[in-house]
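Trainee: I'd like to go through this structure with you, starting with the basics. Can we take it one question at a time?

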Amino acid sequence: MNAYWRVLRSGDFGRLWLGASVSLLGDGMTFLALAWLVLDEGGTGRLGLLGVCFTAPVVVGGLLVGPLLDRFDKRVLLIADSVFRAACVASVPLAAAVGGVPVWLPFFVAAVYGLLKMVPLAGFPAAIPQLVGDRDLDTANALESLSFSVATVVGPAAAGVLVGAVGAPWVLLVDAASYLVFAALVATVRRPLAPPGRTGRTRRQAGRQTPRASLKGVARDRVIVSTTVAFMLFNIADGMLVLVVGPWLAKNELHGGASVLGALTAALAAGEVLGAAVAGGGRLGPASVRLIGLVQTGAALAFLAVLGAPLEVVVGAGFFAVGLLSAPMTVWAQSLRMRRIPPELHGRAFAGLRTLMQGTAPLGSVIAAPLLAGGNLTAAAVTMTCCAGLPGLYLLLASPGDGPAPAAAAGPVPERADTL
């Protein structure tokens, strides 16, 4: 735990992490609330459309956000994003209070969420190397993963109770408040988060020391490319599980309603908490691309647990195992990218890579919805396992080793660039 306390005591990072965690808590409640609104109105078909609205705009948003993160202070962008999204999310309970939620409004809110999702999703990791030292990257990245996971343990479980108690529209008020808390905490970060190398002197010094960095150089890094493609395919399976299969099971097979959906999502996140904590604490030692492939293959097999329905314990254990094995993948790969990609490209690179990975989740919704509309749970389970498992096997058996990044991509190889 010493590593975690050391990083959290570095005030600026601790405040940024706390704000992001609170915001993610609200987000974890929002998807369940919106999903329940849509299920009550239109059934499984509209649920698939909601999943697409949540995830498809990420592709457009990622293209716009990256250049902004490499040009402006990240604090300004994070504050503006949080205030705007607070207003959008609050529009649902406001509409409910004055006469009813229009059919289109949940889809609009989901689309805004997807469009701007990359602001914190790329802005936070791009800021991490500016706030912590190289030896603390794994720990800081594990904390980012933990902020996602802990928030989604509490968020969906609380939302499942609150939806039944006060109604889905009013749960969204919590998310609106969480955005404002995030904005307030970001405003307290004292260290400027402007992109490195913005001054003429720094650029001239960097020009004498390293080749000109470019995104083309990053694209030639086989380690980054192979892990990114593997994560893209894994996220298709994850999108099927979280956006469609989980809600469908809760409503049609497990017969527990919103509270069971919250419990399944919480089980997934609880596994992520444990997996990220172990990976960030260094207990597994330096990881290779092949070790990432091993845990991804194991996570793929865990998707088959959905076939255990209507046994809630079996399905819940599968959700937990998927989270447990997928979290280390994220921690190790993110530290790898931070060490291999030049700092002046972090905004565009993280936005681009995360856009590619997050942008595949809508395919999961598109694939799963028609399968489950026909009641074909077995086909959905096999599809999830193949999408996640085949790239995992490639990383395990056929992937290139963890060699140094190409010189054009990263200049001199950073210390420990040969590890994940």
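**Helices, core and one leucine**

Trainee: How many helices and how many strands does the protein chain have?

Mentor: Helices (H or I, at least four residues) and strands (E, at least two) are DSSP runs, numbered from the N terminus. This is a predicted model, where local features need pLDDT of at least 70, side-chain atom pairs count only at pLDDT 80 or more, and totals for chains, interfaces and linings use all residues. Residues are numbered from 1 along each chain as its sequence is written, and side-chain values use heavy atoms, leaving out hydrogens and water. For the protein chain, the count is 19 helices and zero strands.

Trainee: Which helix gives the largest share of the largest nonpolar core?

Mentor: A nonpolar core is a set of buried Ala, Val, Leu, Ile, Met, Phe, Trp, Tyr and Cys residues joined through side-chain atoms within 4.5 Å. The largest one here has 120 residues, and Val245 and Leu249 are among those with the most contacts inside it. The largest share of this core, 15 residues, comes from helix α12 (residues 222-253).

Trainee: Is Leu18 buried, partly exposed or exposed?

Mentor: Leu18 sits in helix α2 (residues 11-42). Buried means under 20% relative accessible area, exposed over 50%, and partly exposed in between (1.4 Å probe, protein chains only). Leu18 has 42% relative accessibility, so it counts as partly exposed.

Trainee: How far apart in space are Leu18 and Leu185, C-alpha to C-alpha?

Mentor: In sequence, Leu18 and Leu185 are 167 residues apart. In space, C-alpha to C-alpha, Leu18 and Leu185 are separated by 7.8 Å.

Trainee: What percentage of the 420 residues in the protein chain is buried?

Mentor: Use the cut-off we gave for Leu18, under 20% relative accessible area. Of the 420 residues in the protein chain, the buried ones make up 55%.
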